[in-house]
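Please read the account below with the coordinates open, following each pairing in turn as it is described.

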Amino acid sequence: MTDRAAVKAALQAQTVETPSWAYGNSGTRFKVFAQPGVPRTPYEKLDDAAQVHARTGVAPTVALHIPWDRVDDYAALAKYAGERGLRLGTINSNVFQDDDYKLGSVCHPDRAVRRKALDHLLECVDIMDATGSRDLKLWFSDGTNYPGQDDIRARQDRLAEALGTVYERLGEAQRMLLEYKLFEPAFYTTDVPDWGTAYAHCLKLGPKAQVVVDTGHHAPGTNIEFIVALLLREGKLGGFDFNSRFYADDDLMAGAADPFQLFRIMYEVVRGGGLTPEVAFMLDQCHNIEQKIPAVIRSVMNVQEATAKALLVDAGALSAAQRAGDVLAANAVLMDAYNTDVRPLLAELREETGLDPDPVAAYHRSGWQQRITEERVGGQQAGWGA
């Protein structure tokens, strides 16, 4: 049987990092939908992130995206975050929104373009130094659209060279998290298309290079929990980008499309000893039509609920059924945990820590949404154009 107090302690220790871009305007490839009250500056994004942490108690860090969150003084931004009970978290690079990157960034056939991309990655490490951030997250849109467009092997050589240079620049307590993506925007080859490619590069680089698993970056039917289990076994799982997908990289709220999958992933995390600070639990979502802050709160809650159910799996009963080869009994142990309503447990935990048991309702009662709608008028809203 599972110790209820131990489950609560594990849930209280878990943190979920929210992304600055989730608070800005976003949309599809065809249209970005503006909302009233959307932040105009990185400082206002932190104000909104503080609301998420105030309601959930487990979202103390905010990931930045450069250049979307570029400021003149990153130490001042970190101080501002601290005054709101937050810390600046993962620094995300951007080598995909520039005309020069049409044929790639660090894998581009032109050395000058590769140098430009590398300089940006090194700038991101400088920002990490200023903010006290531990993790640099790298995602590359690099790839090709047509057979023969470029040399597939040479592009891997260019990628390895750039990663090696950035790796050498990292500080002793800093890490590189390499993300992969099946496709988009490259349609014939993607230079980091899967966990195996990311793992191979990270393995060669060394212990400060880890793989990050974005739950929306896989082909339909991919067993993501297998990938998680293997990377944990090899000590190479650096973190998650949580979101949901129905068809492709939909960036929907975590657990929205397939909550059972999120539970299965979190079970492997628990089983593999991954509920530690060494595995970063991050959201990577774009809220196109729903209100931003409540959607982020709900996403954090979804991760908590999946984690709670994973912690409730009766490990002893499951192991006994597996040893006996009792397929149905083993499956039933997992399903019993998944079908448990953990919302009362989490509500109780929140009350014990001085929080409202219903974070979304508490946010709506706070009046923050009305306040930012009235006050954030004029200026340029944060977001990206389509």
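In this predicted model, strand 1 (residues 18-19) runs parallel to strand 4, and 2 bridges join them. Within this pairing, P19 of strand 1 is found opposite A63 in strand 4. Strand 4 is also joined to strand 5 (residues 87-92), again in parallel, through 4 bridges; here T61 stands opposite R87, while V62 has L88 as its bridge partner.

How is the chain between strand 4 and strand 5 arranged in space? Together with helix 3 (residues 74-83), strand 4 and strand 5 form a β-α-β unit that is right-handed.

The burial of strand 4 can be followed face by face, taking buried to mean under 20% relative accessible area. On one side T61, A63 and H65 are buried, and on the other V62 and L64 are buried too, so that both faces of strand 4 are covered. Because 5 of the 5 residues of strand 4 (residues 61-65) are buried, the strand is largely enclosed by the rest of the structure.

These pairings belong to an open sheet of 8 strands, paired in parallel, whose order is 1-4-5-6-8-10-11-12. Strand 1 and strand 12 (280-283) stand at the edges of this sheet, and since each has a single partner strand, one side of each is left without a neighbour in the sheet. Helix 8 (residues 259-271) packs on the sheet, where it touches both strand 11 (237-242) and strand 12, and the direction of helix 8 makes about 160° with that of strand 11.

Conventions. Residues are numbered from 1 along each chain as its sequence is written. This is a predicted model: local features need pLDDT of at least 70, side-chain atom pairs count only at pLDDT 80 or more; totals for chains, interfaces and linings use all residues. Side-chain values use heavy atoms; hydrogens and water are left out. Buried means under 20% relative accessible area, exposed over 50%, partly exposed in between (1.4 Å probe, protein chains only). Helices (H or I, at least four residues) and strands (E, at least two) are DSSP runs, numbered from the N terminus. Two strands pair if DSSP finds at least two bridges between them. A crossover is right-handed if, with the strands pointing away from the viewer, the path from the first strand over the helix to the second runs clockwise. Contact means heavy atoms within 4.5 Å. Axes are lines fitted to C-alpha atoms, for helices over the stretch in contact, and angles run from 0 to 180 degrees between N-to-C directions.
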